[in-house]
Amino acid sequence: MNNRTQEKLEILADAAKYDVSCSSSGSKRKNTKDGLGNATGMGICHTYTQDGRCVSLLKILLTNHCIFDCAYCVSRRSNDVKRAAFTVQEVVDLTINFYKRNYIEGLFLSSGIFKDVDYTMERLVRIAKKLRLEHKFNGYIHLKAIPGASDELIHEAGLYADRLSVNLEIPSEMSLKKVAPEKDYASAFKPMNYLTETIQGHKEEKKTIRSTPNFAPGGQSTQLVIGATPENDKHILELADGLYQDQKLKRVYYSGYIPISDDQRLPALRAAPLQRENRLYQADWLLRFYGFKVSEIVDEENPHLDPELDPKMGYALRHPEHFPIDINKADYEWILRIPGVGVKSAKKIIKARRFGRLRMEHLKKIGVIWKRAKYFLISADRDFIHLGFNPKVIRQEILYNGKPKKDPNQLDLFGNPLAPIPLIATTPQIKSV
Ligand code: SF4
């Protein structure tokens with residue numbers, strides 16, 4: 001690699017790190033006889049940096065030149081940063097060289113907007129097309145579908161990429177208008193709608209005509225920037241849920257805003273805590289795999305996720321009326337709602353209880369995280385009556401593990417009759433059941 005390419009790579013890989021919508025998509029494709037590489041459902045890009053960002057793809061921008069001036073973006077027109085642009089051939093060569101050296105398992109390619117939207121999108125498509133047709137590259141390709149691009153280019157992109165993502169970026173159109181006046185939701189939803197319909201159409205067609213070409217087999221995703229604008233978690237989760245329901249998105253990625261600008265258009269200039277990003281991912285998981293509704297996770301009274309507790313625990317503590325759950329009788333859906341019980345454990349519980357009533361030791365073997373689940377269930381050897389259900393006490397136990405470290409609001413044990421009773425006092429009774 002010559003010095004100039006090396007320099008471009010440094011600039012454009014650095015600029016791409018703010019886009020988090022790049023994990024593996026579940027797309028599967030075997031290598032062909034004369035092909036190069038393969039895309040597998042698992043492991044293609046599941047290496048993450050400590051802050052959760054994916055690193056095993058060649059993740060770059062085609063260029064960080066941009067005609068737009070989005071306040072939250074490092075590549076915005078008015079930002080004084082070093083600029084660079086790859087040629088189509090340079091990205092193709094880098095991908096092939098890195099792939100052959102086993103550095104990467106695929107390509108994640110986004111871009112600032114050169115000249116105009118279609119001009120840029122056309123180059124992204126050309127890269128994917130060259131990789132697939134000229135180099136028979138079978139590795140993973142994730143392309144950015146640029147808001148406002150023509151249907152024809154989006155269609156072509158879908159024929160060569162495993163996954164496409166149209167980033168909404170800012171979680172409400174009102175805020176978007178403030179921080180990126182040149183953008184609007186309509187130009188992001190247009191390619192998103194096109195992809196939703198075409199992906200579905202190709203799937204249907206493939207059922208009857210097997211030779212129907214693949215079209216974005218890994219589906220589409222989007223990214224929301226969290227904390228640059230004032231939307232609360234309830235608003236963000238409702239938006240994400242709508243995207244899952246209506247657009248059939250595979251993933252919504254949440255990217256905690258990293259302050260890279262003191263632009264006065266940005267209402268919130270402190271970094272969004274990583275914890276908030278993490279809690280949103282947990283809540284998103286509950287929506288997609290645990291059958292939760294947004295209104296069960298956040299509501300008018302609690303529009304933000306609890307930063308201290310995961311959202312499933314938060315739900316359980318806010319809804320004592322649903323607990324305890326009898327592990328030997330409850331439906332699968334309710335077993336899933338017990339904190340400390342994951343999808344795998346819930347399925348194992350349903351199978352195992354056909355052979356006898358389950359006790360604590362069985363649940364532990366199954367993989368239930370006992371220290372979290374124990375407050376919310378009844379098993380054959382544990383009668384919940386002995387535990388009681390005091391959300392405040394449980395919260396304290398979970399957060400401080402019964403250690404002397406106190407919640408600043410905790411009442412003094414001897415000085416106030418309303419002080420919570422430590423759970424440890426109930427434990428011997430449990431043992432005797
Ligand atoms: S259009 Fe994209 S690359 Fe350009 S400034 Fe806005 S977010 Fe950044």
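These questions and answers walk through a predicted model of one chain.

Reader: How many helices and strands does the secondary structure of the chain come to?
Author: Take the whole chain to begin with. It has 433 residues, and 41% of them are buried. Its secondary structure comes to 16 helices and eight strands.

Reader: Of the contacts with a separation of 6 or more, what share comes from residues 24 or more positions apart?
Author: Only contacts with a separation of 6 or more enter this count. Within that set, residues 24 or more positions apart account for 69%.

Reader: Which residues surround the ligand, and how do they divide into nonpolar, polar and charged?
Author: The shell includes Cys66, Phe68, Cys70, Cys73 and Ser75. Arg76, Gly112, Ile113 and Ala180 also surround the ligand. Sorted by type, the shell has six nonpolar, two polar and one charged.

Reader: Why is α7 called oblique to α8?
Author: Helix α7 covers residues 233-246, and helix α8 covers residues 274-289. Their axes lie 11 Å apart and meet at an angle of about 40 degrees. Angles under 35 degrees would count as roughly parallel, and 65 to 115 as roughly perpendicular. The angle of α7 and α8 fits neither range, so the term is oblique.

Reader: Is the crossing of α7 and α8 left-handed or right-handed?
Author: Handedness describes how one helix is turned relative to the other. For α7 and α8, the crossing is right-handed.

Reader: Which residues make the contact, and how many of them are charged?
Author: From α7 come Asp233, Ile236, Leu237, Ala240, Asp241 and Tyr244. From α8 come Leu280, Ala283, Asp284, Leu287 and Arg288. Seven residues of this contact are nonpolar and none is polar. The charged ones number four.

Terms used. Residues are numbered from 1 along each chain as its sequence is written. This is a predicted model: local features need pLDDT of at least 70, side-chain atom pairs count only at pLDDT 80 or more; totals for chains, interfaces and linings use all residues. A residue is near a molecule or strand if its C-beta atom, placed from the backbone, lies within 6 Å of it. Ala, Val, Leu, Ile, Met, Phe, Trp, Tyr, Cys and Pro count as nonpolar, Asp, Glu, Lys and Arg as charged, and the others, Gly among them, as polar. Axes are lines fitted to C-alpha atoms, for helices over the stretch in contact, and angles run from 0 to 180 degrees between N-to-C directions. Helices (H or I, at least four residues) and strands (E, at least two) are DSSP runs, numbered from the N terminus. Angles under 35 degrees count as roughly parallel, over 145 as roughly antiparallel, 65 to 115 as roughly perpendicular and the rest as oblique. Two residues are in contact if their C-beta atoms, placed from the backbone, lie within 7 Å. A residue is buried if 20 or more other C-beta atoms lie within 10 Å of its own, exposed if 12 or fewer, and partly exposed in between; C-beta atoms are placed from the backbone.
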